[in-house]
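Hi everyone, thanks for coming. I'd like to walk you through one model today, so let's put it up on the screen.

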Amino acid sequence: MNFPYGLCVDDNQTLIIADWGNHRIVQWKINDVNGEVIAGGNGQLNRPTDVIIDNETNSIIISDRGNRRVVKWSRQNNAGQGEVLLENIACWGLALDDQRNLYVSDTEKHEVRRYRIGEQNGGTLVAGGNGRGIGFHQLNEPTYIFVDQQKTVYVSDTKNSRVMKWIEDATEGVRMLKCFSRGLYVDSSGAVFIADYGNHRLVRWSEELEESTVISSRNIEADDTNQVYHPWGISADRHGQIFVSDHLNHRVQRFSLQPIAP
């Protein structure tokens, strides 16, 4: 891979990775030696930053940032150009809720909007949208996002070096943590896992305890096989394993945080 960005994992533990520097999406089954290109790689994509799975249509949705669009691509083959869902947008992060609403972060408008797939409209503002700034009603170049079952939106407010939480219909967010955040994942207990890019760390934040735990950090004098160097995307499988795009090491790391179910 060449500077991997966002990633996701399906129920069969197949990783799908935005291979940013190679302008493609790669599918990689756990323990396989080689991956498989399932979108792009032939000029169709330009520096994709994130990818998510739409299980209902057996497709992936891609933030094709270099082309300023969001596209949907079948997982069956790498033919064609994909279906354009949104155009002329400074897209970065993506998320789907349980009703198949699509959430997209916009780094130029400093906002996150919710869209209904297939409907051509301007979407609904769910975070930011009040210009660039440090106020709790503002964002500054939001990148990765996560949406939970209550439709609460977690935002990596990148240029403000913080993680924000926006409850549905709220007019301003809540600052959860100060860090150089990129990818986000929230588990069923509400713990937030953060790719702390600038500090070369994977962090777990407990809102209840108001404290963070470092899962992995970089030590240049130690073996680097379980370390991250400028981590970007983050995802998890149903067994409680966390997957991280280890950006400057050009690889993906897996961290088992609890016993794996048989």
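Here's a question to warm up: which residue in S10 is the bridge partner of Leu96? The partner is Leu102. Please keep in mind that this is a predicted model.

Let's look at the strands around that pair. S9 and strand S10, residues 101-106, pair in the antiparallel sense, over four bridges. They belong to an open sheet of four strands, ordered S9-S10-S11-S12, with antiparallel pairing. Strand S9 (91-96) and strand S12 (124-128) are the edge strands, each pairing on one side only. On average, neighbouring strands in this sheet are turned by 25° against each other, direction ignored.

Now, on to the pockets. The largest pocket holds about 1,400 Å³ of space. It is lined by 48 residues, and the closest to its centre are Leu96, Phe146, Tyr185, Ser235 and Ala236. So our friend Leu96 turns up again here. S9 is among the strands that each supply at least two residues of this lining, along with S1, S5, S13, S17 and S21. Which strand gives the most? That's S5, with five residues. By class, the lining has 22 nonpolar, 12 polar and 14 charged residues.

The second largest pocket has a volume of about 220 Å³. Its lining includes Met1, Trp28, Phe243 and Arg254. Strands S2 (14-19), S3 (24-29) and S23 (251-256) each supply at least two residues there, and S23 gives the most, with three. The classes here are seven nonpolar, two polar and three charged.

That's my tour, and I'm happy to go back to any part of it.

Note on methods
Residues numbered from 1 in each chain as written. Predicted model: local features only at pLDDT ≥ 70, side-chain atom pairs only at ≥ 80, totals over all residues. Heavy atoms only, no water. Pairing = 2+ DSSP bridges. Axes fitted to C-alpha atoms, helices over the stretch in contact; angles between N-to-C directions. 1 Å grid on protein atoms, 1.4 Å probe; cavity = no way out; pocket = protein on both sides within 12 Å on 5 of 7 lines; lining within 4 Å. Points joined across faces, edges and corners; volume = space filled by probe spheres on them. Nonpolar A, V, L, I, M, F, W, Y, C, P; charged D, E, K, R; others polar.
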